[in-house]
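Hello,

Here is the structure I promised to pass on. Please open it first, then read my notes below.

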Amino acid sequence: MNPVPSADFATRAGQAIGDTRLQTALGRVTAVFGSRRTAAFASLPDADGVRDAARAARLTAVTHLAEYLERFESALTANGARVYWAETTADANAIVADIATRRGCTRAVKSKSMVSEETHLNAALEAAGVTPIETDLGEYIVQLADDRPSHIIAPIIHLTRQDVGRVMEQRLRVPYTDDTQQLAATARVRLRGEFLRADMGISGANFGVADTGTIVLVTNEGNGRMVTTMPRVHVVLMGIEKLIGTLDELDACLKVLARSGTGQQLTVYTTMINGPRRAGDADGPEELHVVLLDNGRSRIRGGDTAEILGCIRCGACLNVCPVYRNIGGHAYGDTYPGPVGAVVTPGLRGLEPWRELPHASSLCGACRDVCPVRLDIPRMLLALRRDVADAGLQPRSLAAAMKLFAWTASRPRVYRGVSRLARAWLRTRARNGWIRALPGAAAGWTQSRDLPMPAARTFQEQWKARRS
Amino acid sequence: MEGTAIVSDARSRILARLRAAQRTGYVPAVQAVRPAGDGASNVRTTDASGSTATRHLLARFLDELTALGVEHHVEPDAEAVRARVRTIVGGDAVFRWHPASLPYGVGELFAAATDESSPREAQAAAACGITGCDAAIAETGSLALISGRGKPRAASLLPPTHVALVTPDQLRATMGEFFRERAAEIAAAANCTFVTGPSRTADIELTLTLGVHGPGRVVVIVGP
């Protein structure tokens, strides 16, 4: 079952805007990431060329996705990995749980994986008798607090260090502290034990290289390396869209990923995984299982928003989005927040329950400007808005109003008469050139903005006067 | 096996859906491009002939290490390298690569140290990991580590301090250059990891914390 939103978007957004702590945190994180990103790209020679190369790598893979997947699968198999295909989130979870059961695994350490959030893998593992432990510091705290991540690369920006201190005090029974270094040290000690004890490691993938069957993971903390090195079984859960062709292309993609995400040249650990440990290897997992998840991606590929499958999940569009900056990640209601989420979520989960998300944008275009692979998110949001209207999913009042407008606009005489009347009426409501409130059905429009006073004469009247 | 049948069914259904989707869906046309100067025109490409090129690469590598907060030492001879390692290690427990995989005779200094054949508890208890590397990337200050016999991955991961030994001939300008030169070797190995600075996180209030899971202290020693 795909999840549906918990409340309507306006309610969720309203709650976020009223949360002053969240507002402070959002202001800080989006500003810091934004300026770091700018500085990081300034240090990249021919940054535009590298972005074009990364875009070409990702969109070429999306264009020929079926063929890339087959190449990827055969390279993985030749490398000694086992490949699984999952159509739905339930299938993916069942496959992972089944691997755990068959291989006798009971404790799974996880490095950050958005796809496992998408499938709600943790709950499925627990139901199968496997204890999942998140090991990214932010995700670990999310798990302890029974919370949800609110940013793609900084999952707990909505929490203060005091919040984190209280969560650890309650859940780990350690003395309260709000010292960041000590909190991280506590997590290190706890999770170190889990890394050494776990019999299964579960990761996502930042990229899959089709030619070589390479899984690429980037992390800063080192948990990604732990998860893929220490337990005897490693399971990769990834979306089918995360492919590129070659190691050469990987170079360009890595150059833009960290710069866009955190403003680093490169994340601390870039791990390329080509299979289970080789004969004679000193360490590493004995088995590598790769689960490829569709869950709506093939449907997205068939429509006008297929370009979104080129997303590399850097989070840059979140940080520049005037909507995300005001409402944060939770208000989007699902795994992927921000502009990318507004396109991806209706595609993955279905348009009907998520029809409000394509409207959660001012179409300012900041996301398109900042995107390392130059995805035209505003174009895709418009395509989705069109789909919402075509499917008759827009509010009834809006549909009726648009129908009335279409009727009027296609009858010049009526249009002229109505616009003259409307203009005269609107001008009576204006003070100092602005209309601050409208009655009835139009009240919603002026609730959060002012309408400029219409000109004394309509465009058609002015045009006629000028021509005569 | 029933499970296998279901799985392979999913495979053919997903691929069939994608093939149909590839005929109808819209993806903007793109042209394959190669960035000017390999996207790294500020790092001179390795020139096999000259020591000037090596000096230039080394200078850039050390600059990047400084920016990343990696301690680094350039030593004139193998004896100085060994002395430097001894100073850093002090009396700490060592987890090291096999002596044959470590340059400058450093492995022989710690003959009885924990290695790949030691129990995991001993590996986890070591305070200092000593490794070589397969390349040092000047542009980003990264150490490339290709997995293999005698080169436990955990030695650069479990101990709180990681000491990495670099020989000047291992310096490469960019990751791209390393990929092109060593593609076959990388593809044949189970794992290739680039280490770029100490383990870090900023998950709590964007406050930088080092060493959250991997080593919080990385020391690079470049010998002759």
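Two strands count as paired if DSSP finds at least two bridges between them. Keep in mind that this is a predicted model.

By that rule, β9(A) pairs with strand β8 (residues 191–195) of chain B. The two are antiparallel and share five bridges. At this junction, Met272(A) has Cys192(B) as its bridge partner in β8(B).

β9 (residues 269–273) of chain A also pairs with strand β6 (residues 214–219) of chain A. That pairing is antiparallel too, with five bridges. Here Val216(A) is the residue opposite Met272(A).

These strands belong to an open sheet of eight strands with mixed pairing. The order is β8(A)-β5(A)-β6(A)-β9(A)-β8(B)-β5(B)-β4(B)-β7(B). At the edges stand β8 (243–244) of chain A and β7 (171–172) of chain B. Each has a single partner strand, so one side of each lacks a neighbour in the sheet.

Now the contact between the chains. It involves 81 residues of chain A and 71 residues of chain B. On the chain A side, helix α3 (residues 47–63) gives the most, with 10 residues. That side has 37 nonpolar, 22 polar and 22 charged residues.

Last, chain B. It has six helices and 11 strands. Its radius of gyration is 22 Å, well over the 17 Å that the globule rule gives for 224 residues, so chain B is more spread out than a compact globule. The C-alpha trace spans about 65 × 50 × 40 Å along its principal axes. Buried residues make up 50% of the 224 in chain B.

Best wishes

Definitions and conventions: Residues numbered from 1 in each chain as written. Chains lettered and ligands numbered in written order. Predicted model: local features only at pLDDT ≥ 70, side-chain atom pairs only at ≥ 80, totals over all residues. Helix = DSSP H or I, 4+ residues; strand = E, 2+ residues; numbered from the N terminus. Contact = placed C-beta atoms within 7 Å. Nonpolar A, V, L, I, M, F, W, Y, C, P; charged D, E, K, R; others polar. Rg over C-alpha atoms; globule rule 2.2 N^0.38 Å. Buried ≥ 20, exposed ≤ 12 C-beta atoms within 10 Å, placed from the backbone.
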